[in-house]
Amino acid sequence: MRNFVRFYIDDMRCTIFTFCIFVGLLSMIFCSCGENEELTAEELLLRAKAVEKTDPQQALLTLDSIHECFPRNVKMRRAADTVMWRIELAQAMKSLPYVDSVISEKEKMLAEMSVKFVYSKDDLYQDLGVWEHRVFRTESNTGRNYLKPTVKENGEITMTSFYAGREEKHDGIAVTVGEYTKQVTDIDGGTSFVDLGVYHEFLSVTETTDDGLTKFIAEMQGENAMVNLLSTGEVKVKYKISNRDMAAIRETYALAITVGDLWNLQRDRVKFQKQIERYCHK
């Protein structure tokens, strides 16, 4: 039933008589919907067929309403499924060539960008490979304080704070560029160790391309970015992000966007391929 009845009581002045009339009308409406259910479902099916080529999204919404409003009408629901499969097959066959062409362009972009990165994957322990900027290779950064973003194959970013000095047990990171500050606090899972008499801490936080320290730094135009390492909200260590690191973080963020787009496009391609294979055999 797609008719909605609203009943308002104004200042509690609704009489019992009026309420009885309301209940009676509501009962009549429900009975009427039951009698005309077959006709209404057929009308919705005809509407969906009429726009399946010109407005497929509207057609799919109309077909969904048949399932929602008439759960017991098996005949009409099966007919709706047939039209729905036909629409989705047409969309998949139309979308697949486009997705293939965009994937090709993204792969070219990734090939150009990846020159500055190193890709690694341990098949025994990692489901997804990781991209790391050459500037942040661990072997060339021992003993210094810095922020290092890495990117998984699905576009997910891990920002890691590396610190060497006296023990601070930092659990938060704040980055300030000009008048703006972005911070992440109460981060769990920090690790510390001593190597050759030097105390080290590192702390990692998972980010997306939509939010996080990496995005904040990448979108800031200034070069004088300061990092504050926090412990229970108190600033323990301050240092400046070098121009070289700023550039590498921006390039890592750009890579994350491309890698994430490529990951989603590849998933769409698989989905369309499966739809075509499945619907063509129905």
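In the predicted model, strand E7 is joined to strand E8 (residues 198–207) by 5 bridges, and the two strands run antiparallel. Within this pair, aspartate 195 stands opposite valine 198 of E8. Both strands belong to an open sheet of 6 strands, ordered E1-E2-E3-E4-E8-E7, in which the pairing is antiparallel. Strand E1 (117–120) and strand E7 (191–195) occupy the edges of this sheet; each has a single partner strand, so one side of each is left without a neighbour in the sheet. On average, and with direction ignored, neighbouring strands of the sheet are turned by 25° against each other.

Helix H6 lies across part of this sheet, namely E1, strand E2 (130–133), strand E3 (146–152) and strand E4 (157–164). Relative to E3, H6 runs at about 15°.

H6 (residues 243–280) also meets helix H4 (residues 74–113): their axes come within 8 Å and cross at roughly 150°. Because angles over 145 degrees count as roughly antiparallel, H4 is described as roughly antiparallel to H6. The crossing of the two helices is left-handed. The residues of the contact between H4 and H6 comprise 20 nonpolar, 5 polar and 7 charged.

A further open sheet contains 4 strands in the order E6-E5-E9-E10, with antiparallel pairing. Its edge strands are strand E6 (180–184) and E10, each of which pairs on one side only. Neighbouring strands of this sheet are turned by 20° against each other on average, direction ignored.

Within the 4-stranded sheet, strand E5 (residues 172–177) and E9 run antiparallel and are joined by 6 bridges. Valine 175 is placed opposite valine 227 of E9 in this arrangement. On the E10 side, strand E9 (residues 225–231) pairs with strand E10 (residues 234–240), again in the antiparallel sense and over 6 bridges. Here leucine 230 stands opposite valine 235 of E10. E9 and E10 form a hairpin with 2 residues between the strands, and threonine 232 takes a positive phi near 50° in this hairpin.

Confidence varies along the chain. The mean pLDDT is 84, and 85% of the residues reach 70 or more. Over residues 1–36, however, pLDDT stays under 50, and the model has 15 contacts beyond four places in sequence for this stretch.

Terms used: Residues are numbered from 1 along each chain as its sequence is written. This is a predicted model: local features need pLDDT of at least 70, side-chain atom pairs count only at pLDDT 80 or more; totals for chains, interfaces and linings use all residues. Side-chain values use heavy atoms; hydrogens and water are left out. pLDDT is the predictor's confidence in each residue, from 0 to 100. Contact means heavy atoms within 4.5 Å. Axes are lines fitted to C-alpha atoms, for helices over the stretch in contact, and angles run from 0 to 180 degrees between N-to-C directions. Angles under 35 degrees count as roughly parallel, over 145 as roughly antiparallel, 65 to 115 as roughly perpendicular and the rest as oblique. A crossing is left-handed if the near helix is turned anticlockwise from the far one by less than a right angle, and right-handed if clockwise. Ala, Val, Leu, Ile, Met, Phe, Trp, Tyr, Cys and Pro count as nonpolar, Asp, Glu, Lys and Arg as charged, and the others, Gly among them, as polar. Two strands pair if DSSP finds at least two bridges between them.
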